[in-house]
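Work through the exercises below with the sequence and the structure at hand. Each task is followed by a solution in steps.

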Amino acid sequence: MLPADVPLSHLGPSVLLLLQLLMPPASAFFPNIWSLLAAPGSITHQDLTEEAALNVTLQLFLEQPPPGRPPLRLEDFLGRTLLADDLFAAYFGPGSPSRRFRAALGEVSRANAAQDFLPTSKNDPDLHFDAERLGQGRTRLVEALRETVAAARALDYTLARQRLGAALHALQDFYSHSNWVELGRQQPHPHLLWPRQELRSLAQVGDPTCSDCEELSCPGNLLNFTLLTSGYFGTHPPKPPGFGPVFTTSDPDHFWQQLNEMHALGGGDEPEMCLSALELALLHTPPLSDIFVFTDASPKDAFLTNRVESLTQERRCRVTFLVTEDPSRAQGRARREVLSPLRFEPYEAVALASGGEVIFTEDQYIQDVAAIVGDSIADLVTLPLESRVVVAERPLVFRVDGLLRKVTVRIHGEVSSFWIRNPAGILLCQSLTPHTHPGVSQGQEEGEGPLGHTRRFGRFWMMSMNDPPQSGTWEIQVTAKGTPRVRVQAQTSLDFLFHFGIPMEDGPHPGLYPLTQPVAGLQTQLLVEVTGLGSRGNPGGPLPHFSHVVLRGVPQGAELGQVPLEPRGPPERGLFAASLPPTLLSTLGPFSLELVGQDGAGRGLHRAAPQPCAVVPVLLELSGPPGFLAPGTTAPLSLRIASFSGPQDLYLRTSAKPSFALTSNLSRVHLEQNESAWGRLWLEVPDTAASDSMVMVTVTAKDGEASMMPPTHAFLRLLVRAPAPQDQLPAPAYSTDSVLNTSSPAFHLSTSVTQGGAWGGLLGKPWWTSFVGMLLLLSLGPW
């Protein structure tokens with residue numbers, strides 16, 4: 001709060017003209033030299049400070065005509081770049097120097113900018129209105145203003161300018177770092193400079209307010225929130241989760257106890273932070289797990305879709321979404337706008353990439369549907385369907401062999417009728433309208449029948465076939481509105497795992513270098529490991545024989561080729577190898593694997609991999625130091641990126657979970673065919689990092705901003721562990737050499753600028769009259 005006796009009466013009437021009236025969109029403002037050198041094209045704290053000072057000076061000159069000279073006219077300055085030289089020439093006469101004014105103003109603006117660089121201020125959230133410390137920030141702002149006034153009274157104008165610059169920086173940060181403008185406020189905060197007035201409706205640290213932001217700009221990442229909130233910067237203090245924390249247990253009773261203690265936060269409009277929570281679960285879930293996501297809203301954080309897809313494939317985890325919100329429904333929640341039926345596509349993409357599915361159901365059926373989907377899912381295999389997409393009048397075909405038990409068929413969607421026929425021609429037919437069919441042996445909607453047991457929960461149908469199911473070719477035909485989903489599963493011990501590798505013939509240890517996904521243009525081997533050979537029905541009989549793998553495009557199911565398998569090692573081990581065809585490695589996109597062979601009696605065997613995989617455009621290798629990470633240290637990481645299929649222009653992004661500070665010397669790279677680049681990353685582990693906690697570092701490579709090609713991801717898991725006293729050895733020296741094709745990023749300075757000209761709007765408030773007048777006084781004071 002400014003004292004009422006500040007000697008600024010010479011400024012005349014209140015400044016009422018807003019910045020927008022003085023600076024129409026077509027005009028420019030006076031750029032300071034620092035923004036020209038450090039951040040061309042951006043608007044910095046210094047720009048804002050100098051722009052405000054020039055506008056206030058113009059307003060003063062308009063209100064106080066110069067003695068003996070004609071008054072200034074506003075129209076002479078509209079549409080022009082506002083310069084100090086022009087202002088002084090118009091007011092004091094041609095040739096009047098503005099050197100001292102510009103030097104004094106520069107002192108204020110440099111003190112403003114220094115708040116982002118001085119060790120004592122750059123990481124203090126109270127000085128930048130960060131980390132939900134709006135009340136503490138207001139206290140520090142008012143203190144800086146009082147110090148400014150006190151220094152001016154003592155005629156120490158240099159100190160007054162420095163403190164004013166610090167105060168202006170904090171004031172600008174309030175409107176830039178908070179959601180004041182996003183809340184629809186068109187005027188300055190009425191209590192910000194009045195410490196006797198309480199700041200109300202403030203968000204607390206634990207309130208979920210926004211989604212994670214990994215870009216330079218993340219418009220729209222604020223959640224539907226009505227409280228005043230601020231952003232977070234850096235790691236001190238760290239940003240709290242809006243989702244999580246992760247709960248892990250192997251005790252079923254403890255699991256149900258935790259689940260029953262969960263409560264909704266009050267609901268509201270969608271979307272929600274679903275993919276962020278899923279990513280967190282994937283980071284703490286063992287490989288080859290099944291993950292179930294229960295939600296009634298679309299994702300707020302759809303920008304994570306590609307990364308979560310890659311993470312599910314890296315972890316080989318299958319994700320099933322159970323959604324109690326139909327994309328075709330218009331009623332239900334109160335909404336601010338009509339929601340697109342495409343808003344659930346991120347769930348579809350993640351389910352497709354992981355081998356899972358998206359099931360829409362009603363609230364009253366969710367427990368029954370969840371029980372069916374989750375029942376013994378780890379022991380089930382998904383049987384491949386010929387013609388993956390439901391087409392009218394064309395049945396879906398699947399094959400049952402003698403090693404399958406508990407065959408189930410699940411159908412969900414807007415189904416009007418369907419039928420299932422076994423190899424003997426026995427037909428199971430269901431219809432929501434009266435229906436007859438020649439040879440029908442089962443026609444009731446639910447219950448037992450010759451083929452098995454049928455259950456229905458709304459739009460979800462479950463058919464459990466009688467054991468043992470008849471071997472041979474089965475057919476399914478579905479009539480429905482929209483795109484119904486069909487999945488056939490069965491219980492069997494015979495399944496397979498698959499891996500990729502690069503033949504390494506040079507060096508003392510030839511072998512296969514493992515890959516998560518095949519790389520375009522790089523010679524790649526496929527390894528197949530058949531499981532369950534020792535638990536087949538006839539242990540003493542001949543072993544099954546597997547001849548080849550079928551490659552199919554996802555999701556259409558078109559056959560991309562067949563790869564012959566070569567056995568490796570003893571037959572009972574079930575190990576096979578194959579070379580992937582060059583045509584496949586030149587085609588980017590997802591594909592599935594199907595293992596084809598015969599049992600000991602010569603009958604066909606057909607298994608599908610639970611997750612699809614994809615050919616990625618470049619090879620990303622991310623590695624860290626050996627051992628664990630210690631709190632309070634900086635860990636160097638190494639990155640290699642290589643192209644084997646042609647020229648690549650790539651943009652690289654890095655992130656860490658939890659949000660530890662992570663820097664890199666490689667942000668963009670151009671690679672020719674068979675060319676590599678190396679980079680360095682530095683992960684700062686804070687002193688507060690919990691011992692025995694895990695950190696996931698992700699590097700993302702994307703081919704241009706407008707490219708439709710999915711990005712490539714590399715993941716690195718690291719462990720934080722506080723060293724025991726005997727483990728405290730001198731830290732090893734790490735080289736930070738620059739290497740081929742590294743592009744060290746230039747010094748970057750950016751400032752978020754609120755929409756609607758909030759800074760300019762401040763000029764229209766009564767308290768601002770004295771404040772900007774003091775700015776001018778300190779600028780014109782003794783140098």
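**Exercise 1: Charges over rings**

Task: Find the ring that lies under the charged end of Arg721.

Solution. The charged end of Arg721 sits over the ring of Phe628, at 5.1 Å from its centre. The model is a predicted one. A second case can be found at Arg316, which lies over the face of Phe498, 4.0 Å from the ring centre.

**Exercise 2: A tilted ring pair**

Task: Classify the pair formed by the rings of Phe344 and Tyr347, and state whether these residues are buried or exposed.

Solution. Step one: two numbers are needed, since a pair of aromatic rings is described by the distance of the centres and the angle of the planes. Step two: the centres of the Phe344 and Tyr347 rings are 6.0 Å apart and the planes are at 45°. Step three: centres within 6.5 Å make a pair, and planes under 30 degrees apart would be stacked, over 60 edge-to-face. The angle of 45° fits neither class, so the pair is tilted. Step four: residues under 20% relative accessible area count as buried. Phe344 has 3%, so Phe344 is buried. Tyr347 has 0%, so Tyr347 is buried.

**Exercise 3: A pair between two helices**

Task: Describe the pair of Phe88 and Phe101 and place both residues in the chain.

Solution. A search of the whole structure gives 17 aromatic pairs. In one of them, Phe88 and Phe101 are tilted, with 5.2 Å from centre to centre and 50° between the planes. Phe88 belongs to helix α4 (residues 84-92) and Phe101 to helix α5 (residues 99-114), so the pair links distant parts of the chain, 13 residues apart. Both Phe88 and Phe101 are buried. Ring pairs also join these two with Phe61, Tyr91 and Phe92 into a cluster.

**Exercise 4: An open sheet**

Task: Give the strand order of the sheet that contains β1, and name the edge strands.

Solution. The sheet is open and has 3 strands, in the order β1-β2-β3, with parallel pairing. Its edge strands are β1 (290-295) and β3 (358-360), each of which pairs on one side only. From one strand to the next the twist averages 15°. Between β1 and β2 (residues 318-323) there are 6 bridges; Val293 has Phe321 in β2 as its bridge partner.

**Exercise 5: Two faces of a strand**

Task: Sort the side chains of strand β27 (residues 668-671) by face.

Solution. In a regular strand the side chains alternate between the two faces of the sheet. In β27, Val669 and Leu671 point to one face and are buried, whereas Arg668 and His670 point to the other and are not buried. Strand β25 (residues 648-657) runs antiparallel to β27 and is joined to it by 4 bridges. Arg668 in β27 is the bridge partner of Tyr651.

Conventions:
Residues numbered from 1 in each chain as written. Predicted model: local features only at pLDDT ≥ 70, side-chain atom pairs only at ≥ 80, totals over all residues. Heavy atoms only, no water. Pairing = 2+ DSSP bridges. Axes fitted to C-alpha atoms, helices over the stretch in contact; angles between N-to-C directions. Buried < 20%, exposed > 50% of the residue type's maximum accessible area, 1.4 Å probe, protein only. Lys NZ or Arg CZ within 6 Å of the ring centre and 35° of its normal.
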